[in-house]
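This report looks at how the helices of one protein pack together, beginning with its interior and then turning to one helix pair. The sequence and structure are shown first.

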Amino acid sequence: MLILSYEKNIIDKILNFIKLIILSIQGVTDIREETENDFYHKMGCIYLECYRYRKALDYFEKMIKIEPEDFLGYQKAAEVYKETEHFKLARENYELALQKAKVYKNENDRNVDVKKALAEIKKELAQLKGK
């Protein structure tokens, strides 16, 4: 029973990986519409989904380097640090993401649901409080 559960989990991860690739390809109808940061975000998410944390973090760090005032790179980097049990770094990145998202929410209208992201970041910070 445990083996079947494990195999199902692996199959689910593979299907999610394929889905992310398809969505990434579909999302780029005109390559000029795709920003470098969008590409790094998509690639980081693909690697994160496949438990390739070092590669995912590399892409999220590139996002931060290109757009240091955007919260998303910090939020995704924090997810990697949390998954790899680097809780101090996770907290630091979630806190930076929270600061940047609050500013972003006040200054911009963006397709990303910033209010939802703020709630998720606050929830993650609360969970990391004791770690």
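## The nonpolar core

In this predicted model, the largest nonpolar core comprises 28 residues, of which Leu48, Phe60, Phe71, Ala77, Val80, Tyr94 and Ile121 touch the most other members. At least two residues of this core come from each of α2 (36-49), α3 (53-66), α4 (71-83), α5 (87-107) and α6 (114-128). In soluble globular proteins, nonpolar side chains tend to be buried together.

## The packing of α2 against α4

Two packed helices are described by the angle between their axes and the distance between those axes. For α2 and α4, the axes come within 11 Å and cross at roughly 15°; because angles under 35 degrees count as roughly parallel, α2 is roughly parallel to α4. The crossing of these two helices, α2 and α4, is left-handed.

On the α2 side, the contact is made by His41, Cys45 and Leu48, and on the α4 side by Leu72, Lys76, Glu79 and Val80. Sorted by class, the residues in the contact of α2 with α4 are four nonpolar, one polar and two charged. Leu48 and Val80 take part in this contact, and both are also among the core residues that touch the most other members.

## The overall fold

The protein has six helices and zero strands, so that its pattern, when read along the sequence, is α-α-α-α-α-α. Of the 131 residues in the protein, 32% are buried. Among contacts with a separation of 6 or more, 52% are accounted for by residues 24 or more positions apart.

Note on methods: Residues numbered from 1 in each chain as written. Predicted model: local features only at pLDDT ≥ 70, side-chain atom pairs only at ≥ 80, totals over all residues. Heavy atoms only, no water. Core = buried A, V, L, I, M, F, W, Y, C linked by side-chain atoms within 4.5 Å. Buried < 20%, exposed > 50% of the residue type's maximum accessible area, 1.4 Å probe, protein only. Helix = DSSP H or I, 4+ residues; strand = E, 2+ residues; numbered from the N terminus. Axes fitted to C-alpha atoms, helices over the stretch in contact; angles between N-to-C directions. Parallel < 35°, antiparallel > 145°, perpendicular 65-115°, else oblique. Left-handed = near helix turned anticlockwise from the far one by under 90°. Contact = heavy atoms within 4.5 Å. Nonpolar A, V, L, I, M, F, W, Y, C, P; charged D, E, K, R; others polar.
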